[in-house]
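Student: I am new to this structure. Please take one part of it and walk me through it closely, then show me how it sits in the whole.

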Amino acid sequence: MSAVDAKIVRTMCPMNCHPTFCGMQVEVESGRLKTLSGDKDNPDSAGFLCVRGGATSEIFGNPKRLLYPQIRDDRRTDIWRRVSWDEALDFMAKRMRSAGPEAVGLWAGHGGFTVGSAVTVQLMQRFAHMYGCQNWHPAMVCWGLGGFGVGLTGALKVNTKEDMAENSNMIVLWGANISSQPNTARHIVAARRRGAKVITIDVRRTEAAAQSDEVFLIRPGSDAVFALAVMHVIVTEKLYDSEFIEAHTVGFAELSSHVLPFTPAWAAAETGLEEGQIASFARAYASTRPAMILLGGSSMHKSANGWHAARAISCLPALTGNFGVAGGGLGPRHGAHSAAMCNLNTGVARAPGNYVANQMPDIAKALSDGQLKVLLLLGTNMLSSFADAGEISHGLDKTGLVVCVDLFMNETARRFADVLLPGTAWLEELGFKVTNTHLYLMERALEREGETRPIYEILSSLADSLGLADLFPWASIEEVIDVILNDTTTGHATVASLRAAGGFLPLNVPAVAYADRKFDSPSGKIEFCSPQAARLGLPPLPVYGGDQASPYPLSLSFGRTLTHFHSFYDEGQALPALAKHNVAPQLWISPVDAEARQLSNGDAIRIYNQRGEFAAKACVTDDVKPGVVWMRDGWVGLNHLTSGDAVLTGDALSLFHFSVGQSDYGARVEVARRQASL
C-alpha cells in the first residue's frame, strides 16, 4: 500500500452535543474507509468511542442512503423520481417565489450541525435575512430553557471536567447522565477515587448511578422543589457563606424570606423523597467544599418547570460560596459557554416583516393556519423532535412544499416530503468542533458519495436560483471557518493553524469559571432576585411552577442512551450496529405500577392520554419509582403524547442570544396491555 493510496485522518465524532464530542481516527485506503477508531491523543476523549461513533462506517456504501435528488408528485404515494440538482432547485425556487418569502421557513436539526453548528446556523440566518423568510434557532428543541434559567441567575459559564477531577470534593449529577456526557465519566471516576463524594439526582436510576455514592430518585418536574427545599435548609440553619453573598450577590434578603415556606416536609410530598433525605443532602452540600453541580441536558429542561429548575439550582453555588473556586460552581454541561464565535452576518440586517416567533407553538400554529407554505428541513425529523406531533402532522399536511435534506429517509420525509435532497456525512466535509476546553478540526476524509452536497452548498445554490447575490461571497468553506473562529478565545485560530498544530488547539478559557467574580448579569453579580425576570412579568425569585392536574396517573419522562442519538440514521434503523440495540420502544415501569395493571416484563402495551397513544413493550424495573414511567426519546410517535403548550412568551424569547421557545413536552399518561405483539 503506497503513501498515495493510504492516509490517516484525524476528526471528531458528532454523535453527541456540545461539549461532549469524541476524537476519531479514520484510515482511508484507495479512497475508501478501511478502519476507524477512537483517537488516543484526543485530550477530551482519550481514545473513547461509543457504539454510535463506531457505527460510522455503516453510513458509506449503505443501500438505504440518499444519494440523488428526488421529487414526489403525490404525497399519497411512495413514488419518487430521480432529478438533477438543477431541476430540484428550480422546482423549489419556483414554489418559493409563488409563496412569497414570509411564507417560507428554514429549520435545522442536529443532523445539520455535524461539521459545526455555527456554520449552518449562521448561513441559515444569512439566507433568511437576505431573502426575508422565516428562520428559527435550533436550540428550542434542546437546552434553551435550561440556559434561560441559569442566565437569569447570571451563571452561564462552567468549570472544566479536568478541574472537577482534580479539585471537587462533592459532585452532584443533577439530571446529568454520563450516557449523554461520556467524556465526563472518566473524570468523575478519577474524582471519586481521590475521595470525592458523587451524588445523582434524577427521575430514574441512570448509568451515572453506578459511579454514585448516593442516588435520589425524584418525580419528573420536581427538581425546582428539591432545590428550593435545599435553599430553605441552608438559609434557616445559617449554612450559607455570608462573605460571598455580601460581596457577589443581590437579593439575598428577599430570597431568605421567600424560601421559608419551602420546607423539606413540603418538598417530600412533591418529590417523592423522604424529608430526612432532603435535609441531609442540603447539609452535606453546604458543608462540603468545594462542591460542583453538573446540570442535566435537554431532557431535564423539557417541561413547564424546566427553566424554574435551572434557575433554582444555579443559586445553590452562590449560597455556599462555590462560584469562582477550583472544584466548585457548575460543571461541564451542554449549552455552556466556551469559545466565542464570530458572526458571518455582521451588517446583514433582517428586514422588517411578519415573522413567526422562535417558539414551537408559534411554528405549529403557523403551519396549521397555512401561514407557512414552504418548509425546508435541514437534517431533522420534526415528527420525532417537536412536541405535540399530532398538531405538527396536521400542519405539515397543509404545507404546500416540504423539502428534506438528510442522509437517510425518515418519518417526516416519508409522510410529508415533496423533495428529497441528499446531504453529505461529516467524513465528506471540512468542519470543526468545540468542547469546553479545546478546538478541533474535522478534516475531509472521503469523497462525496453519489450526488450528495453539504448544506452550505445547497443554500448557496438555492440563493443563486432565487437571484440572491452575495449569500456566499467567500472563496471556500475554509474561509468561512476562518472568519467564524477569529476570536481571542480560539487564539484567532484558522484552518491552517489547526492543521499545523496536528488538528486541535487548547482554548483560551479558564478552568475555573468566574474566578474574577464578574457574573453574566446586568449587575455583574449572582442575582437571587432578578430585575430582568420582573420586567418580563416572570417571578423574580426562584419558584416551582406546580403540576397541572390530570386524569392520567403516570408521569412520562424520557432521555438518552448510549446506543442512539436523536433521530439520526432513520432512528438508528439504517445502520445495523445501532438497529440491533434499538429494536422496539420499551417503557420502564415500576413493579408496583406494573402489578396494578397486570403487566409483566416484555408485555405489549399501549401508552395513551388525551392527545394520542403509542405502542411499546413493558420493561418492569425498580430503576423508576411508582408513578413514573420512562422511555428513550426520539421514537416516532412518542411526541404524540407530549404537550405543545408554550412555556415562555413575548420578550422572554429574545432576552438571551439563544432561543428559549420550547414547548412544555410534559405528558401524563396511562398504560394498558395490548393484545397484539409488536
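**A close look around Pro290**

Tutor: Start with Pro290, which lies in the loop between helix α11 (residues 275-287) and strand β12. This is a predicted model, so keep that in mind throughout. The peptide bond leading from Arg289 into Pro290 is cis, and its omega is near -10 degrees. Most peptide bonds are trans. That makes the loop a good place to begin.

Now follow the chain into β12. This strand, residues 291-295, is among the elements that cover the buried residues of helix α6. The others named as cover include β2 (22-29), α5 (161-167), β8 and β9. Helix α6 itself runs over residues 182-194. Its buried residues are Pro182, Asn183, Thr184, Ala185, His187, Ile188 and Ala191. Just past the helix, Gly195 takes a positive phi of about 115 degrees.

Next comes β9, residues 197-202. Five of its six residues are buried, so the strand is largely enclosed by the rest of the structure. Strand β8, residues 170-174, pairs with β9 in the parallel sense. Five bridges join the two strands. In one of the pairings, Leu173 has Thr200 of β9 as its bridge partner. In a regular strand the side chains alternate between the two faces of the sheet.

The cis bond before Pro290 is one backbone feature to look for. Other loops hold positive phi values. Most residues other than glycine have a negative phi. Ala46 is not a glycine, yet its phi is positive, at about 50 degrees. Look for Ala46 in the loop between β3 (32-38) and α1 (51-54). Its relative accessibility is 39%, so Ala46 counts as partly exposed. Tyr665 also has a positive phi, near 65 degrees, and is not a glycine either. Tyr665 sits in the loop between β24 (628-632) and β25 (668-673). At 2% relative accessibility, Tyr665 counts as buried.

One more loop residue deserves a look. Thr563 is found between β20 (554-559) and α22 (568-571). Its relative accessible area is 17%, and under 20% counts as buried, so Thr563 is buried. Beyond its neighbours within four places in sequence, Thr563 is in contact with Val51, Arg52, Leu578, His581 and Asn582.

For a second helix, turn to α14, residues 360-368. Met360, Ile363, Ala364, Ala366, Leu367 and Ser368 are buried there. These buried residues pack against β13 (374-378), α15 (382-385) and α16 (389-398). Gly370, just after α14, has a positive phi of about 80 degrees.

Now step back to the whole chain. Its secondary structure comes to 24 helices and 25 strands. The radius of gyration is 25 Å, close to the 26 Å that the globule rule gives for 678 residues, so the chain is as compact as a globular protein of that length. The C-alpha trace spans about 70 × 60 × 55 Å along its principal axes. Of the 678 residues, 61% are buried. Among contacts with a separation of 6 or more, 76% join residues 24 or more positions apart.

Finally, consider the surface and the charges. The chain exposes about 24,300 Å², with 49% of that supplied by carbon and sulfur atoms. There are 59 positive and 68 negative side chains. The centres of these two sets lie 2 Å apart.

Key: Residues numbered from 1 in each chain as written. Heavy atoms only, no water. Helix = DSSP H or I, 4+ residues; strand = E, 2+ residues; numbered from the N terminus. Rg over C-alpha atoms; globule rule 2.2 N^0.38 Å. Buried < 20%, exposed > 50% of the residue type's maximum accessible area, 1.4 Å probe, protein only. Contact = heavy atoms within 4.5 Å. Areas by Shrake-Rupley, 256 points an atom, 1.4 Å probe, with all protein chains shown as cover. Lys, Arg positive; Asp, Glu negative; His and termini not counted. Charge placed at Lys NZ, Arg CZ, Asp CG, Glu CD. Pairing = 2+ DSSP bridges.
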